[in-house]
Amino acid sequence: MNIQKGKSEFLMGIDKVDQLTEWLNEHPFINGVAFIGRSNVGKSSLINSLFGKKTARVSKTPGRTRQVNIFRFVVVNQEAKTEESFYLFDVPGYGHAEVSKEMSVNWQNLLDTFFQICSEKILLLNIQDARHPLQEPDLVFQDYIKVFDLETYVIFNKVDKLKTQSERSRLKNLMPNIYSSFKWVKQIHFASAEKGDGLLAVEQSIVTYVMRQPKT
Ligand SMILES: Nc1nc2c(ncn2[C@@H]2O[C@H](COP(=O)(O)OP(=O)(O)OP(=O)(O)O)[C@@H](O)[C@H]2O)c(=O)[nH]1
Ligand SMILES: [Mg+2]
């Protein structure tokens, strides 16, 4: 089973809490996946690599994704010749210093709304920068999500930027610590949206998760 690239479609971008509340209440049994991480770690790039080019917008300036972008994607079962569709959320990045007070309050409200209402069937992919793992905002975010009890996978993106073996092993050595500190983290992946490393494994994890959820 695979994600059918190019069949993903953008449904809407929501930047108002009321609108997000309404949308989530209208869709009570959402099965899907949400991407969240610090600004500029490559969330939109990963989405494009996994779900098909031009699914999400890639930023030239950090912090571009200011709204919850909602997409639909299709998983195809080649053997049974069936297709099923699921939801994908590109959630605005955290830990960006340059946003105004007003904007960060709105962002926090959006995030609270998203996590409080969205069903427990959502897989959370927390994207981090392979060169700068477990930054302060990443730790704050892990602390924030622990009450929501969502299955969470950490994806270290931009591994192509790790040039030496010692950089790579330093990152891998963090794994036991991550699993023991953050019990809701069930998988850790190493990926490059740019070069393609690790993407097949991430894709299969997403497919396995969404197919495992009960149908109602
Ligand atoms: N070398 C390298 N660069 C990457 C990779 N993934 C993303 N980038 C670059 O990192 C920058 C940010 O990528 P985005 O995908 O826009 O990041 P984002 O997390 O969606 O950013 P916001 O929406 O602003 O929070 C872009 O210049 C990308 O080309 C990667 O795997 N390797
Ligand atoms: Mg983005």
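Partly exposed, on this tour, sits between buried, under 20% relative accessible area, and exposed, over 50%. Keep in mind that the model is predicted.

Start by selecting E83. At a relative accessible area of 46%, E83 falls between those cut-offs, so it counts as partly exposed. Now add K7: its side chain meets that of E83 in a salt bridge, 3.2 Å from N to O. The two come from distant parts of the chain, 76 residues apart, with K7 in the loop between β1 (2-3) and β2 (9-14) and E83 in strand β5 (residues 82-90). K7 is partly exposed too, at 41%.

Next, pick R72 and E9, whose side chains form another salt bridge at 3.5 Å, N to O. This one ties strand β4 (residues 68-77), home of R72, to strand β2, where E9 sits, across 63 residues. Both ends are partly exposed: R72 has 29% relative accessibility and E9 has 40%.

For a third pair, go to D138 and R38, bridged at 3.6 Å, N to O. D138 belongs to helix α4 and R38 to the loop between β3 (32-37) and α2 (43-51), 100 residues apart. Here both partners are buried. In total, the model has eight salt bridges.

Stay on α4 (residues 136-145) and highlight its buried residues: D138, F141, Q142 and I145. They lie on the same side of the helix, because they cover an arc of only 100° around the axis.

Last stop, the surface: select K161, K163, R168, K172 and K195, which gather in a patch of positive charge. K161 is in the loop between β7 (152-157) and α5 (165-172), and is partly exposed at 43% relative accessibility.

How values were computed:
Residues are numbered from 1 along each chain as its sequence is written. Chains are lettered from A and ligands numbered from 1 in the order in which they are written. This is a predicted model: local features need pLDDT of at least 70, side-chain atom pairs count only at pLDDT 80 or more; totals for chains, interfaces and linings use all residues. Side-chain values use heavy atoms; hydrogens and water are left out. Patches are made of residues with over 30% relative accessible area and no salt bridge: like charges are joined within 9 Å, nonpolar side chains (Val, Leu, Ile, Met, Phe, Trp, Tyr) within 5 Å. Accessible areas come from the Shrake-Rupley method with a 1.4 Å probe; for residues, only the protein chains shown count as cover. A salt bridge is a side-chain nitrogen of Lys or Arg within 4 Å of a carboxyl oxygen of Asp or Glu. Lys and Arg count as positive and Asp and Glu as negative; His and the chain ends are not counted. The place of a charge is taken as NZ of Lys, CZ of Arg, CG of Asp or CD of Glu. Helices (H or I, at least four residues) and strands (E, at least two) are DSSP runs, numbered from the N terminus. Buried means under 20% relative accessible area, exposed over 50%, partly exposed in between (1.4 Å probe, protein chains only). The arc is that of the directions from the helix axis to the C-beta atoms.
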